[in-house]
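Thanks for coming, everyone. I would like to walk through one structure this morning, a region at a time, and I will assume that nobody here has looked at it before.

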Amino acid sequence: MKAKVLITGAGGFIGRHLTEEALRRGYEVWAGVRATSSRAHLPQDRVRCIDLKYGDSPALTAQMAAHAREHGAWDCVIHNAGLTRTVRRENFALVNAEYTRRLLEALDKGGCRPQKFLLMSSLGSYGAGDEKTFRPIAREDVRRPETAYGESKRLAEDYVERQTAIPWVILCPTGVYGPGEQDYRMEIQSIRAGFDLAAGRKPQHLSFIYVKDLAELVFRALENPASRNCRYLASDGRTYTDTEFARLVQALTGRKHVLHLRLPLWAVYLCCLLFEGAGRLTGRAATLNTDKYRILKRRNWTCDIEPLRRELGFSPAFDLQRGLEETLRYES
């Protein structure tokens with residue numbers, strides 16, 4: 001009998017790749033997608049979709065109980081659903097944190113407890129690393145998120161860690177990129193057009209993880225008996241600067257001439273403020289906003305993945321160059 005996995009947020013960028021990896025590994029896949037969400041990227045003949053009732057706790061519990069009676073509990077749950085941008089900042093806490101708490105409670109009370117629950121969190125739950133020594137962020141570090149998004153992820157992690165009914169894993173990936181991702185795609189398109197605008201006079205120290213590596217890591221963590229009630233930071237294990245990222249994209253796209261400019265932080269803040277205001281007027285969440293500014297102004301977004309290597313035997317297959325090459329092939 002196939003192991004059963006529920007993947008929430010399955011229709012999104014990361015969720016689609018998690019679904020592909022689960023199918024490749026032979027799982028029976030249940031895709032948590034809202035009725036209003038696009039399912040265009042899901043192989044619907046190979047997955048079963050479920051619209052989880054996060055907005056109504058009793059209904060969600062009843063939904064889990066009904067699922068357990070008819071199909072049995074999922075062997076594992078990957079809670080990947082969440083917001084990365086929103087017009088109303090309080091939505092971060094509701095969707096990223098409170099909905100996590102409700103799902104855990106419903107799985108427990110509904111008698112649908114999985115053998116392992118994996119929360120897809122974010123390096124943003126820690127906040128930026130030290131900008132004097134540039135020591136990579138470690139999982140033992142105190143979490144001090146500076147953004148509403150990061151705080152919502154920290155709170156979601158707390159909900160997962162405090163409950164005792166379901167074994168868990170928390171993954172905190174750094175910047176995830178690959179085919180279908182939008183934010184880095186915008187930067188790539190800008191460089192293709194001949195412009196590279198970086199934030200701050202000093203380069204940012206960054207880390208990345210290719211989405212296929214992240215998907216492989218998720219199932220490695222789920223399937224390893226030792227990864228029980230553990231958290232991990234995830235990247236490809238290397239450090240890059242924003243300048244190196246831009247120059248690499250320029251080389252891979254064959255763009256001979258690119259205007260590379262570093263904007264002072266006050267100018268970046270002003271742009272974020274203006275885009276955020278426009279988003280409020282139109283009702284559409286802006287990519288650039290004051291929450292994003294708090295990320296752009298920090299210089300150290302690197303992390304230590306030694307626990308992944310030591311405890312899970314994880315070795316990323318893609319460095320930034322190989323990952324960008326594959327991304328560009330898919331999107332060219």
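Let me begin with Phe 195, which sits in strand β8, the run of residues 195-199. Please keep in mind throughout that what you see is a predicted model. Phe 195 has a relative accessible area of 45%, so the residue counts as partly exposed. Leu 259 is 64 residues away from Phe 195 along the chain, and yet the C-alpha atoms of the two are separated by 4.9 Å. If we set aside residues up to four places away in sequence, Phe 195 touches Leu 259, and also Ser 190 and Val 258.

From there I would like to move to a pair of helices. Helix α5 covers residues 183-192 and helix α7 covers residues 242-253, and their axes come within 10 Å, crossing at roughly 60°. Which hand does the crossing of α5 and α7 have? The crossing of these two helices is right-handed. On the α5 side, the residues that take part are Tyr 184, Glu 187, Ile 188, Ile 191 and Arg 192, and they meet Phe 245, Ala 246, Val 249, Gln 250 and Thr 253 in α7.

Next, helix α2, which runs over residues 57-71. At 1.5 Å a residue, its 15 residues should span 21 Å, and because its end C-alpha atoms are 21 Å apart, the model agrees with that expectation. Within α2, the buried residues are Ser 57, Leu 60, Thr 61, Gln 63, Met 64, Ala 65, His 67 and Ala 68, and what they pack against is β2 (28-32), β3 (47-50) and α3. After α2 comes Gly 72, with a positive phi near 85°.

Helix α4 can be read in a similar way. Here too there are 15 residues, and the helix reaches 21 Å from its first C-alpha to its last, close to the 21 Å expected at 1.5 Å a residue. Its buried residues are Tyr 149, Gly 150, Ser 152, Lys 153, Arg 154, Ala 156, Glu 157, Asp 158 and Val 160, a list in which you will find charged side chains as well. The cover over these buried residues includes α3 (90-109), β5, β6 (168-173), β11 (230-234) and α9 (290-296).

One residue of that covering strand β11 is Arg 231, and I would like to stay with it for a moment. Is Arg 231 buried or exposed? Its relative accessibility is 11%, and therefore Arg 231 counts as buried. The side chain of Arg 231 makes a polar contact, at 2.8 Å, with the side chain of Glu 157, which is itself one of the buried residues of α4. Not counting residues up to four places away in sequence, Arg 231 touches Tyr 126, Arg 139, Arg 143, Glu 157, Glu 161, Trp 168, Ile 170 and Cys 172.

Arg 231 also leads us to Glu 140, since the C-alpha atoms of these two residues, 91 places apart along the chain, are separated by 9.5 Å. Glu 140 belongs to the loop between β5 (116-120) and α4 (148-162), and with 61% relative accessibility it counts as exposed. Phe 134 lies in that loop between β5 and α4 too, and it has a positive phi of about 60° although it is not a glycine. At 25% relative accessibility, Phe 134 counts as partly exposed.

Asn 229 is another residue with a positive phi, about 55°, that is not a glycine. Its place is in the loop between α6 (211-223) and β11, and because its relative accessibility is 40%, Asn 229 counts as partly exposed. Asn 224 is in the loop between α6 and β11 as well, but with a relative accessible area of 18% Asn 224 is buried. Leaving aside neighbours within four places in sequence, Asn 224 is in contact with Lys 116, Glu 311 and Leu 312.

Last, the cysteines. How many disulfides does a search of the whole structure find? The search finds 0 disulfides. Cys 112, for instance, is in no disulfide, and the nearest cysteine sulfur, that of Cys 76, is 12 Å away. Cys 272 is in no disulfide either, with the sulfur of Cys 271, the nearest one, 6.9 Å away. Cys 112 has 0% relative accessibility and therefore counts as buried, and Cys 272, at 0%, counts as buried too.

Methods:
Residues numbered from 1 in each chain as written. Predicted model: local features only at pLDDT ≥ 70, side-chain atom pairs only at ≥ 80, totals over all residues. Heavy atoms only, no water. Helix = DSSP H or I, 4+ residues; strand = E, 2+ residues; numbered from the N terminus. Buried < 20%, exposed > 50% of the residue type's maximum accessible area, 1.4 Å probe, protein only. Disulfide = S-S within 2.5 Å. Expected span 1.5 Å × (residues − 1). Contact = heavy atoms within 4.5 Å. Polar contact = N/O pair within 3.5 Å; in protein donor to acceptor, adjacent residues only side chain to side chain. Axes fitted to C-alpha atoms, helices over the stretch in contact; angles between N-to-C directions. Left-handed = near helix turned anticlockwise from the far one by under 90°.
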